[in-house]
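Me: Please show me the chain, and then let us work through a few questions about how it is built.

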Amino acid sequence: MKRLFASLAFAAVVFGLAGCGHVDLSPEGDPNRVVTGTVAVRMDLLPPPDAEVVVRVVEPPDVKTAEAKAANDIVIGERGTLERPERVIGEQVIHAPSSLPVSFRIEFHADDVTMRRGLNLEARISWGHRVRFRNLESQAITLATVGQPQIIRLEPVR
(Lines give C-alpha, C1' and ligand atoms only; values in the text may rest on other atoms or scores of the structure.)
Protein backbone atom coordinates (compact mmCIF):
# COMPACT_ATOMS: atom_id res chain seq x y z
CA MET A 1 0.00 0.00 0.00
CA LYS A 2 2.84 2.38 0.86
CA ARG A 3 4.56 1.44 -2.37
CA LEU A 4 1.41 2.24 -4.40
CA PHE A 5 1.00 5.60 -2.62
CA ALA A 6 4.68 6.47 -3.24
CA SER A 7 4.36 5.52 -6.91
CA LEU A 8 1.24 7.66 -7.33
CA ALA A 9 2.86 10.59 -5.55
CA PHE A 10 5.97 10.29 -7.73
CA ALA A 11 3.84 10.12 -10.91
CA ALA A 12 1.85 13.19 -9.82
CA VAL A 13 5.06 15.18 -9.25
CA VAL A 14 6.54 14.11 -12.60
CA PHE A 15 3.37 14.96 -14.54
CA GLY A 16 2.96 18.21 -12.62
CA LEU A 17 6.50 19.34 -13.42
CA ALA A 18 6.29 18.16 -17.03
CA GLY A 19 3.40 20.56 -17.65
CA CYS A 20 5.50 23.52 -16.50
CA GLY A 21 8.25 22.86 -19.04
CA HIS A 22 6.69 25.08 -21.72
CA VAL A 23 5.71 27.98 -19.48
CA ASP A 24 7.59 31.11 -20.55
CA LEU A 25 8.89 32.78 -17.40
CA SER A 26 10.97 35.44 -19.16
CA PRO A 27 9.99 39.01 -18.31
CA GLU A 28 7.94 40.98 -20.81
CA GLY A 29 10.04 43.30 -23.02
CA ASP A 30 9.61 47.03 -23.34
CA PRO A 31 6.59 47.64 -25.63
CA ASN A 32 8.10 50.91 -26.93
CA ARG A 33 9.94 49.78 -30.06
CA VAL A 34 11.83 51.32 -32.98
CA VAL A 35 12.35 49.93 -36.46
CA THR A 36 14.91 51.48 -38.81
CA GLY A 37 16.03 50.84 -42.33
CA THR A 38 15.97 52.05 -45.91
CA VAL A 39 13.47 52.18 -48.74
CA ALA A 40 15.08 51.23 -52.05
CA VAL A 41 13.85 51.18 -55.63
CA ARG A 42 15.25 48.60 -58.05
CA MET A 43 16.22 51.22 -60.63
CA ASP A 44 17.95 54.59 -60.76
CA LEU A 45 15.33 57.13 -59.85
CA LEU A 46 15.54 60.80 -59.00
CA PRO A 47 12.19 61.57 -57.37
CA PRO A 48 10.38 64.77 -58.39
CA PRO A 49 9.95 67.60 -55.85
CA ASP A 50 6.38 66.60 -54.97
CA ALA A 51 7.37 62.99 -54.19
CA GLU A 52 6.36 61.48 -50.87
CA VAL A 53 7.65 58.28 -49.24
CA VAL A 54 5.31 56.64 -46.71
CA VAL A 55 6.54 53.79 -44.50
CA ARG A 56 4.10 52.06 -42.14
CA VAL A 57 4.17 49.37 -39.48
CA VAL A 58 0.91 47.46 -39.79
CA GLU A 59 -0.67 44.80 -37.61
CA PRO A 60 -2.21 42.33 -40.08
CA PRO A 61 -5.90 41.45 -39.82
CA ASP A 62 -7.22 38.33 -38.12
CA VAL A 63 -9.06 36.14 -40.58
CA LYS A 64 -11.65 33.74 -39.22
CA THR A 65 -12.27 30.80 -41.49
CA ALA A 66 -15.90 30.37 -42.46
CA GLU A 67 -17.29 26.88 -42.20
CA ALA A 68 -18.40 25.16 -45.40
CA LYS A 69 -22.18 24.88 -45.76
CA ALA A 70 -22.03 21.45 -47.36
CA ALA A 71 -19.60 18.55 -47.08
CA ASN A 72 -18.85 18.59 -50.81
CA ASP A 73 -18.78 22.38 -51.17
CA ILE A 74 -16.08 23.55 -53.60
CA VAL A 75 -14.13 26.49 -52.23
CA ILE A 76 -13.15 29.07 -54.83
CA GLY A 77 -10.76 31.78 -53.72
CA GLU A 78 -10.28 32.79 -50.13
CA ARG A 79 -13.12 32.17 -47.75
CA GLY A 80 -13.41 33.87 -44.41
CA THR A 81 -14.33 37.00 -42.57
CA LEU A 82 -12.16 39.65 -41.03
CA GLU A 83 -12.34 39.41 -37.27
CA ARG A 84 -10.27 42.58 -36.96
CA PRO A 85 -9.13 44.80 -39.85
CA GLU A 86 -5.48 45.72 -40.24
CA ARG A 87 -4.28 48.46 -37.92
CA VAL A 88 -1.51 51.00 -38.55
CA ILE A 89 0.75 51.03 -35.49
CA GLY A 90 3.40 53.46 -36.68
CA GLU A 91 4.08 55.62 -39.73
CA GLN A 92 6.67 57.98 -41.14
CA VAL A 93 6.05 60.29 -44.09
CA ILE A 94 9.11 61.69 -45.88
CA HIS A 95 8.28 64.67 -48.11
CA ALA A 96 10.43 65.50 -51.14
CA PRO A 97 13.27 62.99 -50.69
CA SER A 98 16.39 64.27 -52.43
CA SER A 99 17.55 60.81 -53.53
CA LEU A 100 16.93 57.11 -53.12
CA PRO A 101 17.41 54.96 -51.07
CA VAL A 102 15.67 56.83 -48.23
CA SER A 103 16.33 56.08 -44.56
CA PHE A 104 13.42 55.71 -42.15
CA ARG A 105 12.91 55.42 -38.39
CA ILE A 106 9.51 54.52 -36.93
CA GLU A 107 8.69 54.43 -33.23
CA PHE A 108 5.71 52.28 -32.29
CA HIS A 109 4.09 50.50 -29.35
CA ALA A 110 3.64 46.69 -29.51
CA ASP A 111 3.74 44.09 -26.75
CA ASP A 112 5.70 40.82 -27.00
CA VAL A 113 2.61 38.79 -27.92
CA THR A 114 1.94 41.02 -30.93
CA MET A 115 5.60 40.91 -31.94
CA ARG A 116 5.63 37.09 -31.77
CA ARG A 117 2.70 37.01 -34.24
CA GLY A 118 4.56 39.51 -36.42
CA LEU A 119 3.91 42.92 -37.90
CA ASN A 120 4.23 43.99 -41.53
CA LEU A 121 6.30 46.79 -43.02
CA GLU A 122 4.72 48.60 -45.96
CA ALA A 123 6.20 51.37 -48.08
CA ARG A 124 5.16 53.39 -51.09
CA ILE A 125 6.37 56.34 -53.14
CA SER A 126 3.81 58.74 -54.60
CA TRP A 127 3.87 61.86 -56.72
CA GLY A 128 1.32 63.61 -58.88
CA HIS A 129 -1.42 62.24 -56.57
CA ARG A 130 -0.65 58.64 -57.67
CA VAL A 131 1.20 55.76 -56.05
CA ARG A 132 4.14 54.99 -58.34
CA PHE A 133 6.10 52.37 -56.33
CA ARG A 134 5.20 50.01 -53.49
CA ASN A 135 6.47 46.81 -51.90
CA LEU A 136 4.76 43.82 -53.44
CA GLU A 137 6.32 41.25 -51.13
CA SER A 138 5.28 41.23 -47.51
CA GLN A 139 8.03 42.14 -45.09
CA ALA A 140 7.47 40.96 -41.53
CA ILE A 141 9.13 42.17 -38.36
CA THR A 142 9.13 40.06 -35.21
CA LEU A 143 10.84 40.05 -31.82
CA ALA A 144 13.92 38.56 -33.47
CA THR A 145 14.16 41.06 -36.35
CA VAL A 146 12.85 44.36 -34.97
CA GLY A 147 16.32 45.49 -33.86
CA GLN A 148 17.91 44.81 -37.26
CA PRO A 149 17.99 47.42 -40.05
CA GLN A 150 15.31 46.61 -42.63
CA ILE A 151 15.58 47.05 -46.40
CA ILE A 152 12.24 47.52 -48.17
CA ARG A 153 12.52 47.01 -51.93
CA LEU A 154 9.83 48.73 -53.98
CA GLU A 155 8.46 47.74 -57.39
CA PRO A 156 6.68 49.94 -59.93
CA VAL A 157 2.88 49.95 -59.72
CA ARG A 158 1.29 48.89 -63.00
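The questions below go from the whole chain to its core and then to one residue.

Reply: This is a predicted model, in which local features need pLDDT of at least 70, side-chain atom pairs count only at pLDDT 80 or more, and totals for chains, interfaces and linings use all residues. Residues are numbered from 1 along each chain as its sequence is written, and side-chain values use heavy atoms, with hydrogens and water left out.

Me: Which strand gives the most residues to the largest nonpolar core?

Reply: A nonpolar core is a set of buried Ala, Val, Leu, Ile, Met, Phe, Trp, Tyr and Cys residues joined through side-chain atoms within 4.5 Å, and buried means under 20% relative accessible area, exposed over 50% and partly exposed in between, with a 1.4 Å probe and protein chains only. The largest such core has 26 residues. Strands (E, at least two residues) are DSSP runs numbered from the N terminus, and those giving two or more residues to this core include S1 (32-41) and S7 (119-127). The strand that gives the most, with five residues, is S7.

Me: Is His-95 buried or exposed?

Reply: His-95 lies in strand S5. Because its relative accessibility is 58%, His-95 counts as exposed.

Me: What is the length of the polar contact that joins the side chains of His-95 and Glu-52?

Reply: The two residues are 43 residues apart along the chain, yet their C-alpha atoms are separated by 4.6 Å. A polar contact is a pair of N or O atoms within 3.5 Å; within protein, one must be able to donate a hydrogen and the other to accept it, and residues adjacent in sequence count only if both atoms are side-chain atoms. The side chains of His-95 and Glu-52 are joined by a polar contact of 3.3 Å.

Note on methods. Helices (H or I, at least four residues) and strands (E, at least two) are DSSP runs, numbered from the N terminus.
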